[in-house]
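Colleague: I have this chain open on my screen and I'd like a close look at one part of it. Could you walk me through the long helical piece and how it sits with the rest?

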Amino acid sequence: MSRLSEVEARLAAAVIEPWEHVERKFDGGRVREHSVETHHHVIADNLSPNGAELIAHAPADLAALVAVVRAVGAIHREIDDGRGPHCFEDAEDWPCPTVQAIDGLEAS
Ligand SMILES: [Zn+2]
């Protein structure tokens, strides 16, 4: 299984329902506690406000990044029109630097 597929599998297993940044107020209405929760589980608690924002958005952000990497990888494909194997997108020798970077990501 590739690293991108592993990330997608972890997302699918962990994110069954939306993750929300929850602020609990005490002491006269000041926000004192930040957590990330679903309707049924606490994902993480005792967080900083920025940490809670990062974690709450992580599922959508990771899914978007995986999709971008897959889309970029799909447009860089090998062709050989008689001058040796090279990339159709950027004409670099095959595998091109983009594909090498994606392959390096895949080797986890
Ligand atoms: Zn390329």
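**Helix 2 and its surroundings**

Modeller: Let's begin with the overall shape. The protein chain has a radius of gyration of 21 Å, whereas a compact globule of 108 residues would come out near 13 Å. Keep in mind that this is a predicted model. Along the principal axes, the C-alpha atoms fill a box of roughly 75 × 25 × 20 Å, and just 6% of the 108 residues count as buried.

Now to the part you asked about. Helix 2 covers residues 49-75. With 27 residues at 1.5 Å each, helix 2 should span 39 Å, and its end C-alpha atoms are 38 Å apart, so the two figures agree. Still, have a look at alanine 58: helix 2 bends there by about 55°. A proline, proline 59, follows within four residues of that bend.

As for where helix 2 belongs, the chain holds three helices and five strands, and reading along the sequence gives α-β-β-β-α-β-β-α. Earlier in the chain, strand 1 (residues 20-26) pairs with strand 2 (residues 30-37), antiparallel, over seven bridges. Histidine 21, for one, has valine 36 in strand 2 as its bridge partner. Three residues lie between the strands of this hairpin, and aspartate 27 takes a positive phi there, near 50°.

Finally, the contacts across the chain: taking those between residues at least 6 apart in sequence, 31% join residues at least 24 apart.

Key
Residues are numbered from 1 along each chain as its sequence is written. This is a predicted model: local features need pLDDT of at least 70, side-chain atom pairs count only at pLDDT 80 or more; totals for chains, interfaces and linings use all residues. Helices (H or I, at least four residues) and strands (E, at least two) are DSSP runs, numbered from the N terminus. The radius of gyration is taken over C-alpha atoms; the globule rule is 2.2 Å times the number of residues to the power 0.38. A residue is buried if 20 or more other C-beta atoms lie within 10 Å of its own, exposed if 12 or fewer, and partly exposed in between; C-beta atoms are placed from the backbone. Two residues are in contact if their C-beta atoms, placed from the backbone, lie within 7 Å. Two strands pair if DSSP finds at least two bridges between them. The expected span of a helix is 1.5 Å times one less than its number of residues. The bend at a residue is the angle between axes fitted to the seven residues ending there and the seven starting there.
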